Amino acid sequence: MNMRKYVKLVGLLLLSFSIVFISNHGKVEAKTTNDLDNEINELNKKGNDVNKKKKDVSDESSSVKKEKSKNKKEQTSVEEQLAEINTELEETKSNILAKEEEIEKTVQEINDLDNEIEQLKEDIIELEERIEKREELLRDRLRSIQEAGGDIPFLSVVLSSKSFNELISRTSAVNSIMDQDKNIMIEHEQDQKELEEKQVAVEDKKAKVEAKKEEQENQKASLESLEVKLDKQNKEKESIMAALKEEFEELENYEFTLDEEKEILQQQEEAILKAKELAESEKAEIEEAERQAKLEAERQAAAEREKEKEQASQASSSSNASTSKKQSSNTQSSASSGNPAPPLQSGGNGVLNWPTASKNVSSGYGPRWGTEHKGIDIAAGKGTAVHAAQSGVVSRVVTGCVEGDRSCGGGFGNHIMIVHQLNGKTYTTIYAHLSSVNVSNGQSVSSGQHIGGIGNTGDSYGAHLHFEVHPGGYGGRGTAANPMGYLP
């Protein structure tokens, strides 16, 4: 779910829900049973509204939980993909190192072959010298034979011998010369063949090793390309994971906001029930007072009728009857008043009383520091008593905030919300940045009751009371009005 949608939903929710706990059991005005019936009907209606809002918040909370679950599954999937990529990346890096070692060995092998070729070149020079010597010797032999007229006649060598020993000697010499020529030719052929084979073998081996080196370098290049690809995938997955974690954190914050909304609505519902009970109790008291007054009037009327019968004189009876009616009228007037309360005095400009003895407003309602200041700040020393601006029911209490934690209590720090029913209209007053709180949720308070002490908790920079007024009930910061219009 898009987080901008969350913000929009929260805004709409805050604007739509209102704390409508209705109570004015401090008797700021006389009420009839019809007034109380209307008040009870209004409470029932507002109770239904609260239930609907509670359902909306619960549905939204369920939706957020589903989104969180989906987000967690995606995180798990991405983590698994990251693990696979990292494993493959480590294997690739290891393969690159191994390939580099292979290439290094191949390079050494090529260097060895180059050394072998250099040695072979020296051997070739030596062989060429030997071959050249043999060729010179063979040329000399051929020249001698040619000068002798061709081949040396073996028979003339034998027959020209003067003795048997000379014959043997000459025969051996001829054979030796012939064998020597033969050996020279064989060695010459072998050296030439060896030279050719060595040249071919070394060149072939070098070509293979160079081909192997080229293949290894290609493999290394391929591995390095894979490493770059895997590294890119790794960064992309890490980016996705970071986005998922950020979204999950936003979901958790939104869920926390919804939990707060549910808590406020639950407190609202409880206060409505209590206000309804008080209204029904007051209605019952008034009905009982009216019933008793009626009985008393009937009893007195019966007594008067009995007294009239006993009067002997018409004039005396008339006088007594007149006195009885006057008494009855006085009794009925007294009885029907029930529990009268003086009308609420606004003091000229409003219906609320100052919440502190101090009236030193250090910061007024309206634009301030680039934002809208939704209340007034009343300067006074830490611990100075804070009083309920009128009778009502405590709808919300937040405690446990300490100085320096500017986010605690949504910036209000320790604070109290009270709902009042004044002249048929609902008001919510807020008392923020308190150092102490003396009331609890759902408690009925009277006008001027000591409810807490001035402090410096929440988003505050010095001891003072932040005081807000919300005509019609609290519906978010947008429902606030200038408190000065409601104070004496």
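These questions and answers walk through salt bridges, a charged patch and paired strands in a predicted model.

Reader: How many salt bridges does the structure hold?
Author: A salt bridge needs a side-chain nitrogen of Lys or Arg within 4 Å of a carboxyl oxygen of Asp or Glu. The pair K99 and E102 is one case, at 3.1 Å from N to O. In the whole structure, the number of salt bridges is 17.

Reader: In which helix do K99 and E102 both lie?
Author: The two side chains meet in a salt bridge. They are three residues apart, about one turn of the helix. That helix spans residues 33–147 and is α2.

Reader: Is K99 buried or exposed?
Author: Buried means under 20% relative accessible area. Its partner E102 has 34% and is partly exposed. K99 has 13%, so K99 counts as buried.

Reader: How far apart in sequence are the parts that E100 and K220 tie together?
Author: The side chains of E100 and K220 meet in a salt bridge of 3.5 Å, N to O. E100 lies in helix α2, while K220 lies in helix α4 (residues 164–310). So the pair ties together parts separated in sequence by 120 residues.

Reader: What do E100 and K220 count as, by relative accessibility?
Author: The limits are under 20% for buried and over 50% for exposed. E100 has 32%. K220 has 22%. Both values fall in between, so each residue counts as partly exposed.

Reader: What is the distance between the closest N and O atoms of E288 and R291?
Author: Both residues lie in helix α4. They sit three residues apart, about one turn of the helix. E288 is partly exposed at 35%, and R291 is partly exposed at 42%. Their salt bridge has its closest N and O atoms apart by 2.8 Å.

Reader: Which residues are linked with D37 in a network of salt bridges?
Author: Salt bridges join Lys or Arg to Asp or Glu. The network here links D37 with K283 and E287.  Named in full, its members are D37, K283 and E287.

Reader: Which residues form the negative surface patch?
Author: Asp and Glu count as negative. E80 is found in helix α2, and E91 is found there too. The patch is made of E79, E80, E84, E88 and E91.

Reader: How far apart in space are E91 and E227, C-alpha to C-alpha?
Author: E91 is partly exposed, with a relative accessible area of 47%. In sequence, E91 and E227 are 136 residues apart. In space, their C-alpha atoms are apart by 9.6 Å.

Reader: How many bridges join strand β7 to strand β8?
Author: Strand β7 covers residues 414–422, and strand β8 covers residues 425–437. The two run antiparallel. I418 stands opposite T429 in β8. The number of bridges joining the strands is eight.

Reader: Which residue in the turn between β7 and β8 has a positive phi?
Author: These two strands form a hairpin. There are two residues between them. With a phi of about 55°, the residue is N423.

Reader: What is the bridge partner of L434 in β10?
Author: β8 pairs with strand β11 (residues 464–471) in the antiparallel sense over six bridges, and T428 stands opposite H470 there. β8 also pairs with strand β10 (residues 450–454), antiparallel, over three bridges. In β10, the partner of L434 is I454.

Terms used
Residues numbered from 1 in each chain as written. Predicted model: local features only at pLDDT ≥ 70, side-chain atom pairs only at ≥ 80, totals over all residues. Heavy atoms only, no water. Helix = DSSP H or I, 4+ residues; strand = E, 2+ residues; numbered from the N terminus. Buried < 20%, exposed > 50% of the residue type's maximum accessible area, 1.4 Å probe, protein only. Patch = residues over 30% accessible without salt bridge, like charges linked within 9 Å, V, L, I, M, F, W, Y side chains within 5 Å. Areas by Shrake-Rupley, 256 points an atom, 1.4 Å probe, with all protein chains shown as cover. Charge placed at Lys NZ, Arg CZ, Asp CG, Glu CD. Pairing = 2+ DSSP bridges.
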